[in-house]
Amino acid sequence: MGIFSSLFGKKEPKVEAETEVKLSLYERLGGEAAVDAAVDIFYRKVLMDDRISEYFDGIDMDAQAKKQKAFLTMVFGGPNKYTGKDMRTAHAGMKGLSDIHVDAVVENLGATLKELGVPDSDIAEVAAIAESVRDDVLNR
C-alpha cells in the first residue's frame with residue numbers, strides 16, 4: 001500500500017510514465033549514413049555552383065568531406081569526433097567571403113536535404129544552425 005492510499009484510503013491513481021524520447025536532429029536525419037550521403041551530395045552541388053566553387057579549387061575534397069561529416073554530426077547532436085577548427089578560424093583566410101557565399105551554402109544544403117526527403121521542419125533546423133555561424137564565417 002502506497003502513501004496515497006494510506007492517507008486517503010483510496011486506490012492510488014495510475015500514473016503513466018512519459019516514454020516520449022526526443023530524438024536529436026542527427027537521429028531524425030538518419031544518423032551517420034544520412035549525414036555521409038548528404039555531405040557527398042552537398043559537395044557535388046557546391047562544386048557546380050559558380051558562386052562558391054572557386055573557394056574549393058585545390059582543396060582535397062575527400063579530406064574536406066570527412067571534416068564536414070564530423071562537423072555536421074557534432075552540430076546535429078551526434079557523436080562528437082570533430083577535431084577541426086572553429087568556423088571563424090577555418091574561414092579567416094578566405095578572401096572576399098560575403099553573405100552571398102553563405103546564402104549559397106545554405107541554399108545548397110537545403111536543396112540537398114530536400115532531395116533526400118528530409119522534412120521541412122528539420123531542414124529549417126539545419127538552416128538555423130547554418131545561420132548561427134554566419135558571422136563567424138564572415139569574420140564579423
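# Helix talk: why the labels fit

Modeller: Let's start inside α6: H101, V102, A104, V106, N108, L109, G110, T112 and L113 are buried there. Keep in mind that this is a predicted model.

Biologist: What makes those α6 residues "buried"?

Modeller: The label has a cut-off: under 20% relative accessible area. H101, L109 and the others on that list count as buried in α6, so each of them falls under the 20% cut-off.

Biologist: And what covers the buried residues of α6?

Modeller: The cover includes α3 (31–48), α7 (120–132) and α8 (134–137).

Biologist: How do you know how far α6 should reach?

Modeller: You count 1.5 Å for one less than the number of residues. Helix α6 runs over residues 99–115, which is 17 residues, and the expected reach is 24 Å. From its first C-alpha to its last, α6 reaches 24 Å, close to what's expected.

Biologist: How does α3 do on that test?

Modeller: Its 18 residues should span 26 Å at 1.5 Å a residue, and the end C-alpha atoms are 26 Å apart, so the two values agree.

Biologist: Which residues of α3 are buried, and what do they pack against?

Modeller: G31, A34, V35, A38, V39, I41, F42, Y43 and V46 are the buried ones in α3. They pack against α2 (25–29), α4 and α6.

Biologist: Why are α3 and α6 called oblique to each other?

Modeller: Their axes cross at roughly 130° and come within 9 Å. Roughly perpendicular covers 65 to 115 degrees, and roughly antiparallel starts over 145. The value of roughly 130° fits neither label, and therefore α3 and α6 are oblique. α3 passes α6 in a right-handed crossing. On the α3 side, A38, I41, F42, K45 and V46 make the contact, and on the α6 side it's V105, N108, L109, A111, T112, L113 and E115.

Biologist: What about the axes of α3 and α4?

Modeller: Those axes come within 10 Å, and they cross at roughly 130°, with α4 being residues 61–75. That makes α3 oblique to α4. The crossing is right-handed when α3 passes α4. V35, D36, V39, D40, F42, Y43 and L47 in α3 meet a set of α4 residues, including M61, Q64, A65 and Q68.

Biologist: How many helices and strands does the chain have?

Modeller: It has 8 helices and 0 strands. Along the sequence, the pattern is α-α-α-α-α-α-α-α. Of the 140 residues, 34% count as buried.

Biologist: Why does G93 count as exposed?

Modeller: Exposed starts over 50%. G93 has 60% relative accessibility, so it passes that mark. You'll find G93 in the loop between α5 (87–91) and α6.

Biologist: And why is N139 partly exposed?

Modeller: Partly exposed lies between the 20% and 50% cut-offs. N139 has 48% relative accessibility, so that's where it lands. N139 sits in the segment after α8.

Biologist: Which residue takes a positive phi just after α6?

Modeller: That's G117, with a phi of about 80°. N139 has a positive phi too, about 55°, although it is not a glycine.

Biologist: How far apart are the C-alpha atoms of G93 and N139?

Modeller: They're separated by 9.8 Å, while the two residues are 46 residues apart along the chain.

Note on methods. Residues are numbered from 1 along each chain as its sequence is written. This is a predicted model: local features need pLDDT of at least 70, side-chain atom pairs count only at pLDDT 80 or more; totals for chains, interfaces and linings use all residues. Side-chain values use heavy atoms; hydrogens and water are left out. Helices (H or I, at least four residues) and strands (E, at least two) are DSSP runs, numbered from the N terminus. Buried means under 20% relative accessible area, exposed over 50%, partly exposed in between (1.4 Å probe, protein chains only). Contact means heavy atoms within 4.5 Å. Axes are lines fitted to C-alpha atoms, for helices over the stretch in contact, and angles run from 0 to 180 degrees between N-to-C directions. Angles under 35 degrees count as roughly parallel, over 145 as roughly antiparallel, 65 to 115 as roughly perpendicular and the rest as oblique. A crossing is left-handed if the near helix is turned anticlockwise from the far one by less than a right angle, and right-handed if clockwise.
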